[in-house]
Amino acid sequence: MSELCDLTASELSAKLRDGEITAVALAESSLARRETLDEKVGAFLTPTPQVALERASELDTYLATGAPQSGVAGIPLALKDVLTTNGIRTTCGSKILETYVPPYDATAWTRLSGAGSVLVGKTNCDEFAMGSSNENSAFGPVHNPWDLDTVPGGSSGGSAAAVAAGMAVWALGTDTGGSVRQPASLTGTVGLKPTYGRVSRYGLIAFASSLDTVGTFTRSVRDAATLLGVMAGKDHRDATSLDADVPDYTEGLDAGVAGLRVGVLAEAFGEGVDAEVASAVRAGVDRLTALGAEVGEATLPHAEYALSAYYLIAPSEASSNLARYDGVRYGLRVEGDDSIEMMFRTRGEGFGPEVKRRIMLGTYALSAGYYEAYYGQAQKVRTLILQDYAAAFERFDVLVSPTSPTTAFPIGAKADDPMAMYLNDIFTIPANLGGVPAISVPCGLDGAGLPIGLQLTAKALGEATLFRAAAALEHDLGLDMRPPLLAA
Amino acid sequence: MPVEIDIDHVAKLARVELSDDEKARMRDQLEVILEHAAKVGEVAAGDVAPTASPIPQVNVFREDTPEPSIPHDAALSNAPAERDGRFLVPKIAETGS
């Protein structure tokens with residue numbers, strides 16, 4: 001079956017402009033797909049069909065006047081449930097925020113909404129975005145539309161699955177250590193993590209503030225460029241948002257890669273990487289060479305310490321950020337004899353195992369006597385990784401690696417082994433530590449028919465270069481990345 | 001490098017109630033994770049400056065223009081308990097007898 005909801009946003013936007021389809025018909029298509037499939041997939045925590053249909057109807061009236069139309073107008077969008085939506089429940093996949101209804105919108109959503117975006121719902125995720133499989137959600141796992149017995153990746157697993165299965169045309173996720181790129185890789189979607197500060201974090205419920213970014217899931221590189229263009233830019237509500245010009249990212253998308261300097265990260269093809277993943281990514285590099293890119297070998301010498309540094313820095317920031325869940329102002333409260341007991345009980349009952357683990361890890365790493373050896377040293381390693389990137393980007397315009405060392409794994413396979421789970425993010429974490437943009441694009445399927453993602457990384461604010469390289473590869477490979485489920 | 005953790009102490013600092021089972025499991029898991037994390041200590045970085053933010057910015061100010069803020073009732077709308085327009089909590093101090 002191929003329905004409206006299976007098309008890309010750029011195709012749909014043209015049809016809307018030509019009056020070939022209505023926004024209501026498009027919203028109905030995505031909503032119907034969710035009704036058919038989401039019982040099996042579990043992508044949505046809070047679907048918003050009424051909101052979507054009302055909005056679409058307003059847009060049809062507006063578009064009928066022939067008024068100017070943004071590239072996001074009328075296109076069904078899903079939001080990861082860590083982005084706040086005024087009046088719509090936002091849970092972070094956590095029992096502690098199960099009934100939380102924010103009184104304000106995240107800036108990324110404000111901008112998309114202002115440009116006519118149609119919200120179809122809030123998506124499932126690992127609790128507080130902590131995880132790589134979506135199994136840490138308090139509301140149950142998400143099933144990968146490519147094989148319902150496998151994980152969709154995480155933490156933005158619901159957004160990834162929704163886009164892969166046509167329940168949304170595109171979606172926002174958040175990426176702190178790979179939480180957009182890794183699920184994009186595992187679900188055959190395009191996943192963008194922009195430069196740190198490119199998109200405002202206002203209304204992104206904080207996990208690790210120096211690493212958190214708002215990213216996108218789309219079914220084409222062009223769509224990612226369109227979404228980013230609407231969301232990006234300075235926001236006075238986020239002091240870390242960057243005051244840099246926002247180009248039209250869709251311009252020059254088809255310029256090709258002739259002369260582009262592509263560095264292949266040699267260390268990213270070693271132990272622990274599936275042979276099929278390595279060979280598909282290498283084949284992708286060969287295509288870039290064939291298209292005229294100048295390919296060489298690159299290295300990030302300190303990348304081998306990135307995972308260790310990340311699992312000190314991110315939990316440390318999380319232990320501080322999550323101190324706000326104390327049962328006083330919002331969220332779950334479990335009564336106690338006094339305020340302190342109330343706080344212990346609320347947090348003991350409200351947080352799941354992975355969130356507790358990271359709060360404990362961060363608390364330990366920041367505690368007296370350990371701070372310098374753990375957190376302090378991790379911050380120094382971060383400096384070395386920034387220097388590695390600076391050196392690599394003197395020689396290359398983009399760096400290539402696999403996005404994830406493996407394809408989708410069975411639900412439950414790594415659930416009891418946190419360290420094995422953390423290794424899923426070994427290739428995505430360095431970009432968060434370095435603040436640089438990176439994108440995952442599909443580059444093939446493994447023997448079991450599961451998607452493989454290729455990661456491209458550019459220097460800070462180099463999104464346009466990323467899009468150009470990713471679009472060239474996408475065009476050349478011409479893959480049909482629709483899960484078999486949709487052929488049924 | 002084996003790591004030993006005083007789980008009770010850390011849980012107290014973190015204000016998280018943990019069952020005995022959780023503590024035992026947490027101790028084992030954190031020790032494995034920290035042993036891996038301790039790899040950061042292998043890097044000779046004595047004279048390297050720490051990085052707190054990848055794209056540091058200083059003195060970020062905006063115009064000092066008043067804007068509407070979240071209305072009082074909206075700010076209280078998620079309160080587990082409230083009274084007289086304020087958040088209500090269990091006693092936080094002993095009262096004199």
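Is Leu461(A) buried or exposed, judging by its C-beta neighbours inside 10 Å? The legend for Figure 1 gives the answer, and the later legends visit other corners of this predicted model.

**Figure 1. A close-up of Leu461(A) and the loop that holds it.** Leu461(A) counts as buried, because it has 21 C-beta neighbours inside 10 Å, and the cut-off for being buried is 20 or more. Look for Leu461(A) in the loop between strand S11 (451-458) and helix H15 (463-477) of chain A. The backbone here also deserves a glance: phi of Leu461(A) is near 65°, a positive value in a residue other than glycine.

**Figure 2. A second positive phi, this time at Asn59(B).** Phi of Asn59(B) is near 50°, and Asn59(B) is not a glycine. The loop between H2 and H3 of chain B is where you will find this residue. Is Asn59(B) buried or exposed? Asn59(B) is exposed, because 5 other C-beta atoms lie within 10 Å, and a residue with 12 or fewer counts as exposed.

**Figure 3. The whole of chain A, to help you get your bearings.** Chain A contains 15 helices and 11 strands. Its C-alpha trace spans about 65 × 50 × 45 Å along the principal axes. For 488 residues, a compact globule would have a radius of gyration near 23 Å, and the 21 Å of chain A agrees with that. Buried residues account for 64% of the 488 residues. Now take the contacts in chain A between residues at least 6 apart in sequence: 77% of these join residues at least 24 apart.

**Figure 4. Helix H4 (residues 107-114) of chain A and the elements it packs against.** Which residues of H4(A) are buried? They are Thr107(A), Ala108(A), Trp109(A), Thr110(A) and Leu112(A). These buried residues pack against three strands and a helix of chain A, namely strand S2 (76-80), strand S4 (170-174), strand S6 (214-218) and helix H7 (221-231). As you follow the chain just past H4(A), you come to Gly116(A), which takes a positive phi of about 100°.

**Figure 5. Two helices of chain A, H9 and H12, packed together.** Helix H9 (residues 306-321) and helix H12 (residues 372-395) meet at an angle of about 125°, and their axes are 9 Å apart. The two helices are therefore oblique to each other, since an angle of this kind falls outside the roughly parallel, roughly antiparallel and roughly perpendicular ranges. Their crossing is left-handed. On the H9(A) side, the contact is made by Ala306(A), Ala309(A), Leu312(A), Ile313(A) and Ser316(A). H12(A) brings Tyr374(A), Tyr375(A), Ala378(A), Gln379(A), Val381(A), Arg382(A) and Ile385(A). Sorted by character, the residues of this contact are 9 nonpolar, 2 polar and 1 charged. The spacing in these lists may catch your eye. An α-helix has 3.6 residues a turn, so residues three or four places apart point the same way.

**Figure 6. A cis peptide bond between Gly154(A) and Ser155(A).** The peptide bond running from Gly154(A) to Ser155(A) is cis, with omega near 10°. Ser155(A) belongs to the loop between strand S3 (118-123) and helix H5 (157-164) of chain A.

**Figure 7. Ala206(A) and a partner from elsewhere in the sequence.** Ala206(A) sits in the loop between strand S5 (190-193) and S6 of chain A. With 17 C-beta neighbours inside 10 Å, Ala206(A) counts as partly exposed. How many residues apart in sequence are Ala206(A) and Leu322(A)? They are 116 residues apart, yet 7.9 Å separates them in space, C-alpha to C-alpha. Setting aside neighbours within four places in sequence, Ala206(A) is in contact with Asp212(A) and Asn321(A).

**Figure 8. Chain B and the side of it that touches chain A.** Chain B has 3 helices and 2 strands, arranged along the sequence as α-α-α-β-β. Its radius of gyration is 23 Å, well over the 13 Å that the globule rule gives for 97 residues, so chain B is more spread out than a compact globule. Its C-alpha trace spans about 55 × 50 × 30 Å along the principal axes, and 15% of the 97 residues count as buried. Where the chains meet, 44 residues of chain B are in contact with 60 residues of chain A. Helix H1 (7-14), helix H2 (20-37) and helix H3 (72-76) of chain B each give two or more residues to this side. H2(B) provides the largest share, 7 residues. The touching side of chain B divides into 31 nonpolar, 8 polar and 5 charged residues.

Note on methods: Residues numbered from 1 in each chain as written. Chains lettered and ligands numbered in written order. Predicted model: local features only at pLDDT ≥ 70, side-chain atom pairs only at ≥ 80, totals over all residues. Helix = DSSP H or I, 4+ residues; strand = E, 2+ residues; numbered from the N terminus. Rg over C-alpha atoms; globule rule 2.2 N^0.38 Å. Contact = placed C-beta atoms within 7 Å. Nonpolar A, V, L, I, M, F, W, Y, C, P; charged D, E, K, R; others polar. Axes fitted to C-alpha atoms, helices over the stretch in contact; angles between N-to-C directions. Parallel < 35°, antiparallel > 145°, perpendicular 65-115°, else oblique. Left-handed = near helix turned anticlockwise from the far one by under 90°.
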